[in-house]
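Got your viewer open and a selection tool ready? Let's take a short walk through this model, stop by stop.

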Amino acid sequence: MTLQPLGIVVAYLLVALGVGLLAYRVGGSDAEDFYLASRTLGTLVLLFTTFATLLSAFTFFGGPNLAYRAGPEWILVMGVMDGVLFAVLWYVIGYRQWLIGRARDYVTLGEMLGDRFASPLLRALVAGVSLLWLFPYVMLQQMGAGEALRGLTAGAIPYWGGAALITVFMIVYVMVAGLRGVAWTDTLQGLFMLSVLWVAVVWVASAIGGVGAATEGMVAANPDFAALGGGLYSPQFIISSAVTIAFGVTMFPQINQRFFVAKSATVLKRSFALWPVLVLLLFVPAFMLGAWAAGLPIEVPEGANVLSVLLAEYTPTWFAALVVAGAMAAMMSSSDSMLLSGSSYFTRDLYRPIVSPDASDRREAWIARIGVAVFATLAFLASLTRPGTLIEVGDTAFSGFALLAPPVIIALYREATTRDGMLAGVAVPQALYLLHVLVPATTVPVGNTTVELLARSYGGWDVALAFMLLGAALTVGVSALSSPSFGEDADRFAVGGD
């Protein structure tokens with residue numbers, strides 16, 4: 001019961017490693033191939049590598065757990081609202097980034113903005129902010145892996161052992177494969193994850209009397225699950241989550257860099273058009289399984305993963321192991337891309353311009369590989385402290401990244417934007433949000449009433465939404481009050497369509 005599921009997971013890891021080794025043999029050794037697969041990805045691979053990169057520990061573990069507590073309406077938040085919102089942003093931000101990146105061979109967002117505004121400081125700021133929020137999200141994958149393997153092996157592998165296994169594998173795999181290998185494996189992982197989740201839905205539904213019986217049991221156990229909000233979360237919270245997640249995703253380094261890698265404009269446009277369909281195909285089964293579990297006679301211990309408990313009860317051990325292997329695939333397809341992008345941001349935007357401007361592409365690629373190992377190891381050590389739940393960790397990172405989106409959109413489309421406007425629009429909201437994250441909320445008396453300070457939400461609305469608006473206002477306002485600095489060139493963003 002312990003060795004069988006563990007063997008399935010390890011076998012899957014080895015298959016993924018084999019794909020990575022094959023990609024290494026056919027790819028180049030320069031930095032651009034390591035980071036961006038030489039900008040040659042077609043529709044299927046681009047779509048699935050973006051898709052699989054976003055399917056993290058939250059999808060398999062945080063998501064079903066959330067649906068178990070709050071109801072199936074989160075399919076609307078994650079599947080419809082964010083599927084559609086992100087597709088729109090992929091066009092608004094991603095298509096223009098692709099045009100600019102193709103014309104000027106940019107690799108990172110910081111490199112593109114730093115060159116446009118002739119500002120090494122802005123380049124370093126964007127890279128630093130991105131690495132800051134990427135770090136907890138890498139931790140989230142390691143935390144999810146630790147919990148998954150501990151539950152799958154009934155405690156035979158401890159939490160730290162599962163987290164260590166995924167960390168070591170990711171270090172080896174990413175150092176060898178680069179983005180080409182990551183993208184190929186992501187395609188395999190994306191297809192695998194979709195398949196096992198839908199089979200799991202059919203299997204569980206058959207075991208409990210069909211979809212109708214499962215839904216009736218869910219509503220009988222918690223009638224609020226039939227209404228928006230599930231009696232647990234307000235519409236304000238749901239809308240806030242949808243907006244911050246969609247905007248945050250576009251600024252994730254591992255997603256944002258994929259805006260540069262399409263082989264053609266046609267590939268890019270096909271990919272974001274198909275995106276909402278793929279998102280629904282994933283989130284419908286994952287969230288419905290979690291919601292159904294609320295109406296079933298199963299015991300879910302505090303802190304346990306609902307999906308693992310549900311599958312252990314209604315499916316054979318070998319199939320439950322396959323689904324957890326799918327979850328491990330989700331973590332790997334997120335972690336490998338995060339480590340690769342984090343390394344490129346560090347190497348391209350910090351190491352090369354500050355430490356070694358004359359470094360060759362080959363040397364940069366090897367420094368990037370070392371950066372992968374260091375970044376992953378530090379995130380693993382931090383994950384051992386268990387800093388909050390998967391949902392809390394993920395939500396913090398999404399909101400932090402979302403604050404970058406308004407200044408970036410303005411820079412892409414408004415020629416009058418200046419370096420000072422960008423610095424203010426990025427730095428001030430980030431500093432204020434960090435204050436809200438790191439300092440506990442406090443209540444202070446004001447006359448006959450009290451006012452809450454440094455809260456993460458006000459009136460049900462995420463404070464990050466206010467900081468997004470502040471970032472946009474500062475970018476436009478400070479730009480209007482300042483003059484372009486020497487070296488700034490709006491023409492660097494003036495590219496034709498395709």
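The tour visits two helix pairs, one serine at a helix end and two loop residues. Keep in mind that you are looking at a predicted model.

**Stop 1: α8 and α15**

Select α8 (residues 159-207) and then α15 (residues 361-383). At what angle do α8 and α15 pack? The angle is about 170 degrees, and the two axes lie 9 Å apart. Since angles over 145 degrees count as roughly antiparallel, α8 is roughly antiparallel to α15.

Now show the side chains at this contact. On the α8 side, pick Y159, W160, A163, A164, T167, I171, V174, M175 and V176; their partners in α15 are R369, V372, A373, A376, T377, F380 and S383. By class, this contact has twelve nonpolar, three polar and one charged residues.

**Stop 2: S383**

Stay with α15 and centre on S383, which belongs to this helix. Is S383 buried or exposed? With a relative accessible area of 0%, S383 is buried, because anything under 20% counts as such. Leaving aside residues up to four places away in sequence, S383 touches M139, Q142, M143, Y159 and A163. You have already met Y159 and A163 on the α8 side of the previous contact.

**Stop 3: α3 across α8**

Keep α8 on screen and add α3 (residues 43-54). Here the axes are 8 Å apart and the packing angle is about 70 degrees, so α3 is roughly perpendicular to α8. The crossing of the two helices is left-handed.

For the contact itself, select L44, V45, F48, T49, F51, A52 and T53 in α3. Opposite them in α8 are V182, A183, W184, D186, T187, G190, L191, M193 and L194. The contact of α3 with α8 comprises eleven nonpolar, four polar and one charged residues.

**Stop 4: two loop residues with positive phi**

Most residues other than glycine have a negative phi, so the next two selections deserve a look at their backbone.

Begin with S38, in the loop between α2 (31-36) and α3. Its phi is positive, at about 55 degrees, although S38 is not a glycine. S38 counts as partly exposed because its relative accessibility is 29%.

Then jump to D105, in the loop between α5 (74-104) and α6 (109-116). What is the phi of D105? The value is near 60 degrees, again positive in a residue other than glycine. D105 has 46% relative accessibility and therefore counts as partly exposed.

Definitions and conventions:
Residues are numbered from 1 along each chain as its sequence is written. This is a predicted model: local features need pLDDT of at least 70, side-chain atom pairs count only at pLDDT 80 or more; totals for chains, interfaces and linings use all residues. Side-chain values use heavy atoms; hydrogens and water are left out. Helices (H or I, at least four residues) and strands (E, at least two) are DSSP runs, numbered from the N terminus. Buried means under 20% relative accessible area, exposed over 50%, partly exposed in between (1.4 Å probe, protein chains only). Contact means heavy atoms within 4.5 Å. Axes are lines fitted to C-alpha atoms, for helices over the stretch in contact, and angles run from 0 to 180 degrees between N-to-C directions. Angles under 35 degrees count as roughly parallel, over 145 as roughly antiparallel, 65 to 115 as roughly perpendicular and the rest as oblique. A crossing is left-handed if the near helix is turned anticlockwise from the far one by less than a right angle, and right-handed if clockwise. Ala, Val, Leu, Ile, Met, Phe, Trp, Tyr, Cys and Pro count as nonpolar, Asp, Glu, Lys and Arg as charged, and the others, Gly among them, as polar.
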